[in-house]
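Open your viewer and get ready to click along. We will go one selection at a time, with a short word on what to look for at each stop.

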Amino acid sequence: MQLTPKLTNIDTSIFTVMSALAHKHKAINLSQGFPNFKSDQKLIDAVSKAMHSGYNQYAPMAGNLDLRNAISKKFELLYQTTYHPETEITVTAGATQAIFTIISTFVKPDDEVIIFKPAYDCYEPAIKLNGGKPISVALIAPKYSIDWNHVEQCITSKTKMIIINTPHNPSGTVMHKTDMLKLQELTDGTDIIILSDEVYEHIIFDENLHQSACLFSNLKARSFITASFGKTFHNTGWKVGYCCAPKALMEAFRAVHQFNVFSVHHPTQKGLADYLDEPNHYLELSQFYQKKRDTFLNLIKDSRFSYTPSKGTYFQVLNFSDITSKNDIDFATYLTTEKGIASIPMSVFNDHNRDDKMLRFCFAKTDETLKDAADILNKI
Ligand code: PMP
Ligand code: GLN
């Protein structure tokens, strides 16, 4: 039998590889991004209550309406902008499904999609699977800032979409208002769709404000915003997220979504809707993670790694060029198998595996785990 799969030459995701290696060698796992502490018992009780109260059949295709109303209210509170719950918000099986469905809805063979690299790993395969062509703009370490002149040169009549991600995984940098204004200027008068991956919107540090695409009216008009409750409420395994877009864009999305997943785990949606009634549940998140970032960085301040403090997400990148000339994959493997600490080598997110001697560490961990991790890093 001759198999001709559409997606070829794809390695197993680095998150799966490093987590498995960490497990095998009993290493502290700061690789794949997930918390090692429990989420709020109130949220677990709310989901459990929803199950006991009969929210056990298919949710409406676009999502439980209480949850869509709660999401709409959140946009009004945070960004003073409206997404209509009936027509402009859809609940998805995590941000990954939203991203895949958005790309599948619009990207046709030979369409070009501009992505910034290092890029989260699910964008490129989804583009290729739909026959599209990823066009990379490199973000250069350690600043990882966007060269807008380069972006301008990459825009052609074939550009269908630009994917942005702020706060940015894996670098822990954020886009500023000037970046968003530049993006708005470059896309004005075009048919380019923006996919704005904002799964870390509630995890942003120091004086930075989250620059959501919905804050800029001409950007909002062409944007999908994707979000993940897994990131916000410490339940990455629940895989519930959502996306928002103006009505016409959302109608096109739902045409695909209804045959892609149709609808998402219902009791979780109802529980999340009730939990979102209290805005502090997400408003306190930045402070919570900023403290974890500071704890981690303070613990490793005398180590031989160098760094710029993360400005958002729950990832910190550390530069190891003063320690070894090994490449980042070999060094990450060595740290996991020989020293008992797992991280993610950044080169896997770059074109041609460009190696900037950077490793990504997830600090969404208990203080005890961060202390144990720092004890190891300080001895390297
Ligand atoms: N985008 C980014 C930047 C991410 O880091 C992640 C992973 N958490 C996702 C999307 C996917 O989110 P989810 O787990 O909700 O599918
Ligand atoms: N978003 C998580 C990370 O960046 C991983 C998600 C996954 O394993 N697919 O580590």
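## Stop 1: The annotated stretch

Begin by selecting residues 27-376: over this range the chain is 39% helix and 15% strand, and the C-alpha atoms at its two ends are 11 Å apart. Keep in mind as you look around that this is a predicted model. Why pick this range? The UniProt record, an unreviewed entry, lists residues 27-376 as "domain: Aminotransferase class I/classII large".

## Stop 2: Ligand 1

Now select ligand 1 and show the residues around it. How many residues surround ligand 1? There are 13, and the closest are Thr96, Asp197, Tyr200, Lys231 and Lys239. Sorted by class, this shell has five nonpolar, five polar and three charged residues.

Next, colour helix α4, which spans residues 94-106. This helix gives the largest share of the shell around ligand 1, namely four residues.

Zoom in further and try your distance tool on these contacts:

- Ala95: a backbone N or O atom of this residue lies 2.8 Å from an oxygen atom of ligand 1.
- Asp197: look for a polar side-chain atom 2.6 Å from a nitrogen atom of ligand 1.
- Tyr200: here a polar side-chain atom is 2.6 Å from an oxygen atom of ligand 1.

Switch on a surface to see how the protein covers this molecule. Taken alone, ligand 1 exposes 390 Å², and the protein buries 94% of that. Ligand 1 sits in the second largest pocket.

## Stop 3: Ligand 2

Move the selection to ligand 2. Which residues surround ligand 2? They are Phe15, Gln32, Gly33, Tyr120, Asn169, Lys231, Phe315 and Arg360. By class, that shell has three nonpolar, three polar and two charged residues.

Pause at Lys231: this residue is among the closest to ligand 1, and it also belongs to the surroundings of ligand 2. An N or O atom in the Lys231 side chain is 3.4 Å from a nitrogen atom of ligand 2.

Two further side chains deserve a click. Asn169 places a polar side-chain atom 2.8 Å from an oxygen atom of ligand 2. Arg360 has a side-chain N or O atom 2.7 Å from an oxygen atom of ligand 2. Taken alone, ligand 2 exposes 300 Å², of which the protein buries 78%. Where is ligand 2 found? The space it takes is the second largest pocket, and that is also where ligand 1 sits.

## Stop 4: Backbone details

For the last stop, hide the ligands and show the backbone. Select Lys117 and Pro118: the peptide bond from one to the other is cis, with omega near 15°. Pro118 lies in the loop between β3 (112-117) and α5 (123-129).

Then go to Ala141 and Pro142, which are joined by a cis peptide bond with omega about 0°. To find Pro142, look in the loop between β4 (133-138) and α6 (148-154).

Finish with Asp110. Is its phi positive or negative? Asp110 has a positive phi of about 75°, although it is not a glycine. You will find Asp110 in the loop between α4 and β3. Helix α4 should look familiar, as it is the one that supplies four residues to the shell around ligand 1.

Technical notes. Residues numbered from 1 in each chain as written. Chains lettered and ligands numbered in written order. Predicted model: local features only at pLDDT ≥ 70, side-chain atom pairs only at ≥ 80, totals over all residues. Heavy atoms only, no water. UniProt positions renumbered as here; feature names shortened; annotations may be inferred. Near = heavy atom within 4 Å. Polar contact = N/O pair within 3.5 Å; in protein donor to acceptor, adjacent residues only side chain to side chain. Areas by Shrake-Rupley, 256 points an atom, 1.4 Å probe, with all protein chains shown as cover. 1 Å grid on protein atoms, 1.4 Å probe; cavity = no way out; pocket = protein on both sides within 12 Å on 5 of 7 lines; lining within 4 Å. Sits in = over half its atoms within 2 Å of the grid points. Nonpolar A, V, L, I, M, F, W, Y, C, P; charged D, E, K, R; others polar.
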